[in-house]
Structure formats: C-alpha cells, structure tokens
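These are my notebook entries on a single chain fold. I list what I looked up, topic by topic.

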Amino acid sequence: MEYTKLGNSDIEVSRLCVGCMSFGDPASKMHAWTLNPQESEKIVRHALTLGINFFDTANCYSAGTSEEYLGRAIKNNAARDKVVLATKVYFNDGKLSGEAIPREVEGSLKRLGTDYIDLLIIHRFDYDTPIEETMEALDQVVRSGKVRAIGASAMYGYQFMNMQHTAEKNGWTKFVSMQNHYNLLYREDERELIPVCDEQNVARTPYSPLAAGRLSRSTWSADTMRSRTDVTAKGKYDKTQESDMEIVKRVSEIAVNRGVTMTQIALAWQFAKGATAPIIGATKAEYFDDAACSVDRKLSQQEIEYLEEAYIPHRIVGAL
C-alpha cells in the first residue's frame with residue numbers, strides 16, 4: 001500500500017479509504033444492505049492487513065450505528081494513532097450552525113469511542129447558516145483538540161472557494177480535503193471544483209469511484225441486495241444508463257486486454273486524474289484485495305483518452 005499526506009496537513013493516509021456507509025443496523029431504515037458489527041469488523045480487520053489506515057463514516061449513517069461499529073472494530077484491531085478516522089456533520093438538527101457542529105462532534109466522539117477525530121467533513125454546503133458562523137465553529141473544534149483537520153464534500157466550486165477564503169481572511173482553519181462525487185460516469189466537477197482543489201493542494205477523496213458497482217462489472221445491474229434496493233444509486237445513475245454503458249464497455253475492454261479487473265481499471269483512472277484516496281464502500285472483505293491492486297496500475301494516455309471520450313454532460317448530482 002502507498003501512503004500520502006492529506007492535502008496540506010501532516011496526516012498520512014493510505015491511497016484507498018474504507019467507506020463505512022455499509023456498516024450499520026438496517027433497522028435504522030437508511031439501507032437494507034448494511035453489515036452487522038461482526039461483518040463490519042471483518043471488513044476493518046482485512047483492510048488493516050492490506051495496509052489501509054483510512055476509514056470514512058458519518059454521524060447520519062444508519063442513525064449513528066456506522067460510527068459505533070467502526071469505533072468498536074478499530075478498538076479491537078488497531079492502535080488508535082495508527083488509523084485515520086473521518087466522520088461528517090450536516091444531516092442533523094441545525095446542519096452547520098455554531099451550535100450544531102460542537103454538539104455533533106461530541107456525539108461522534110462518543111459513538112466512535114475516541115477522544116479525537118482525525119478529519120471532520122462537512123457533508124454538504126449549508127445555505128441556512130452564514131459561512132462565517134460555520135468556519136468559526138469548525139476552527140474552534142480544531143483548536144479544542146477534538147478534531148485534527150477539516151474537509152468538505154459535494155458542493156459547487158464557488159461555495160468551496162468562498163469558505164476557504166473566509167477561513168483565510170479570519171485566520172481560521174482551512175479545509176485540507178474534498179470528498180466529491182467523481183467517477184468515469186460522472187465528471188461534472190472537472191469544470192470548477194476539481195481545479196480549485198488542485199490549485200490549493202486540497203486532497204481529493206472521491207466517493208462512489210466505481211459508480212455503485214457499475215464500473216466493476218460488464219452488466220449495469222447485479223443480483224445483489226444492494227443493487228436491488230439502493231434507490232440512491234439508482235437515482236444517481238440509471239437515468240443515463242444508455243449513454244453510460246458505452247463507457248462501461250470500454251472499461252471492460254481495457255480490463256480484458258490487460259488481464260485485470262474492471263475495478264482496477266476504474267480506480268487506476270482515478271489515480272491518473274490526481275485522486276488522493278478513493279473511497280471504497282464494499283460489503284465483502286475480499287473486494288479490497290482487488291481494489292488494493294489498483295494502486296500499482298498505470299494507464300497510458302491513449303487508454304485514458306479512450307475511457308473519457310464517450311462521456312457526455314450529466315445533470316448535477318451531489319451538490320445541492
């Protein structure tokens with residue numbers, strides 16, 4: 001496994017991140033396909049053996065049980081200072097208000113069973129709270145020692161730039177990472193958000209790098225619980241199935257020619273585009289073996305162009 005710094009911070013992360021939205025009690029009614037504590041711990045344990053030290057969850061995933069399962073698994077399998085824990089705030093009462101942020105941090109700390117969060121990510125841009133209020137509150141939780149660094153997710157480039165500028169103007173903590181929606185089937189952030197991140201050395205940790213599995217198999221759908229019930233993924237991708245299947249076919253073609261998996265090609269493209277650590281949300285531990293191989297895969301410029309040329313503009317998905 002390779003490691004790199006998370007943007008301008010001193011936090012060292014693996015080039016792959018374990019997405020923990022698949023951890024949690026299905027009784028929370030967020031997703032029907034989430035894993036119980038034992039299955040979640042199996043994923044964590046296997047990822048650690050591969051050298052993956054970066055884990056991403058959120059206060060809202062399965063009503064907080066994702067954080068609970070992750071915290072328990074880390075406690076049982078790794079020293080706290082050897083892993084990087086990221087969680088999120090926004091889908092809660094008060095969103096990103098000055099009152100909500102410290103309250104939600106305390107809740108996450110309790111559920112994770114730790115006294116600090118390595119990376120606190122704002123899940124979306126908050127239209128209801130002044131930017132100054134949000135950035136000051138984020139700065140305060142960092143200065144308190146309860147958070148090491150802050151990141152953002154899924155917003156427009158101008159919004160992210162305004163938040164960074166507000167922090168810089170006031171001497172507050174700036175974002176070191178951006179978790180945005182990005183893959184071969186959805187590249188709209190190449191217009192503004194990604195150039196802004198690259199200009200500021202903000203680490204990019206894209207979510208859904210495999211388009212909810214659509215870039216890891218030659219067929220659009222699969223006969224799995226997640227494929228049948230994940231209405232969020234269906235909403236993101238199924239409307240453009242006809243045009244996007246051409247890209248899926250090209251990923252499959254290159255994978256066959258290379259003698260590797262489609263997952264490895266799709267993730268190799270992410271690294272070629274400058275991603276720091278794509279977030280892999282898997283429900284089976286062995287899927288991480290496949291993903292880990294992608295770190296060493298290098299695509300030629302001709303292959304990259306072939307994968308990209310069939311893309312057509314998509315409606316915005318992610319930023320609200």
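The entries below go from the sheet to its helices, then to selected loop residues and one helix pair.

Entry 1, the sheet. I note at the outset that this is a predicted model. I first traced the strand order and found an open sheet of 8 strands, arranged β9-β8-β7-β6-β5-β4-β3-β10 with parallel pairing. The edges are formed by β9 (203–204) and β10 (279–280), each of which pairs on one side only. I then looked at one pairing in detail: β4 and β5 run in the parallel sense and share 3 bridges. Within this pairing, I found Val84 of β5 as the bridge partner of Phe54.

Entry 2, helices across the sheet. I looked up which strands α3 (100–112) lies across. They are β5, β6 (117–122) and β7 (147–153), and the helix runs at about 135° to β6. For α4, residues 131–143, I recorded a position across β6, β7 and β8 (175–179), at about 150° to β7.

Entry 3, helix α2. I checked the length of this helix: α2 covers residues 65–77, which is 13 residues. From first to last C-alpha it reaches 18 Å, close to the 18 Å expected at 1.5 Å a residue. Which residues of α2 are buried? I listed Thr65, Ser66, Glu67, Tyr69, Leu70, Gly71, Ala73 and Ile74. Their cover includes two helices, α1 (37–49) and α3, and two strands, β4 (54–56) and β5 (84–89).

Entry 4, Arg187. I located Arg187 in the loop between β8 and α6 (193–199). Is Arg187 buried or exposed? Its relative accessibility is 11%, so I entered Arg187 as buried, the limit being under 20%. Leaving aside neighbours within four places in sequence, I found Arg187 in contact with Tyr182, Trp269, Glu308 and Tyr311.

Entry 5, positive phi values. I looked for residues other than glycine with a positive phi and noted Asn201, at about 55°, and Ala211, at about 50°. Asn201 is in the loop between α6 and β9, whereas Ala211 is in the loop between β9 and α7 (225–229). Their accessibility I recorded separately. Asn201 has a relative accessible area of 42% and is therefore partly exposed. Ala211 stands at 0% relative accessibility and therefore counts as buried.

Entry 6, helices α9 and α12. I examined how α9 (residues 241–258) packs with α12 (residues 301–308): the angle is about 155° and the axes are 8 Å apart. Because an angle over 145 degrees counts as roughly antiparallel, I describe α9 and α12 in that way. On the α9 side the contact is made by Ile247, Arg250, Val251, Glu253, Ile254 and Arg258, and on the α12 side by Glu303, Tyr306 and Leu307. I sorted the residues of this contact into 5 nonpolar, no polar and 4 charged.

Entry 7, Val260. I placed Val260 in the loop between α9 and α10 (262–272). At 18% relative accessibility, Val260 falls under the 20% limit and so counts as buried. Which residues does Val260 touch, not counting those up to four places away in sequence? I found Ala255, Ile265 and Arg297. For Val260 and Arg297 I also took the separation: 37 residues in sequence, and 9.4 Å in space from C-alpha to C-alpha.

Technical notes:
Residues are numbered from 1 along each chain as its sequence is written. This is a predicted model: local features need pLDDT of at least 70, side-chain atom pairs count only at pLDDT 80 or more; totals for chains, interfaces and linings use all residues. Side-chain values use heavy atoms; hydrogens and water are left out. The expected span of a helix is 1.5 Å times one less than its number of residues. Buried means under 20% relative accessible area, exposed over 50%, partly exposed in between (1.4 Å probe, protein chains only). Contact means heavy atoms within 4.5 Å. Two strands pair if DSSP finds at least two bridges between them. Axes are lines fitted to C-alpha atoms, for helices over the stretch in contact, and angles run from 0 to 180 degrees between N-to-C directions. Angles under 35 degrees count as roughly parallel, over 145 as roughly antiparallel, 65 to 115 as roughly perpendicular and the rest as oblique. Ala, Val, Leu, Ile, Met, Phe, Trp, Tyr, Cys and Pro count as nonpolar, Asp, Glu, Lys and Arg as charged, and the others, Gly among them, as polar.
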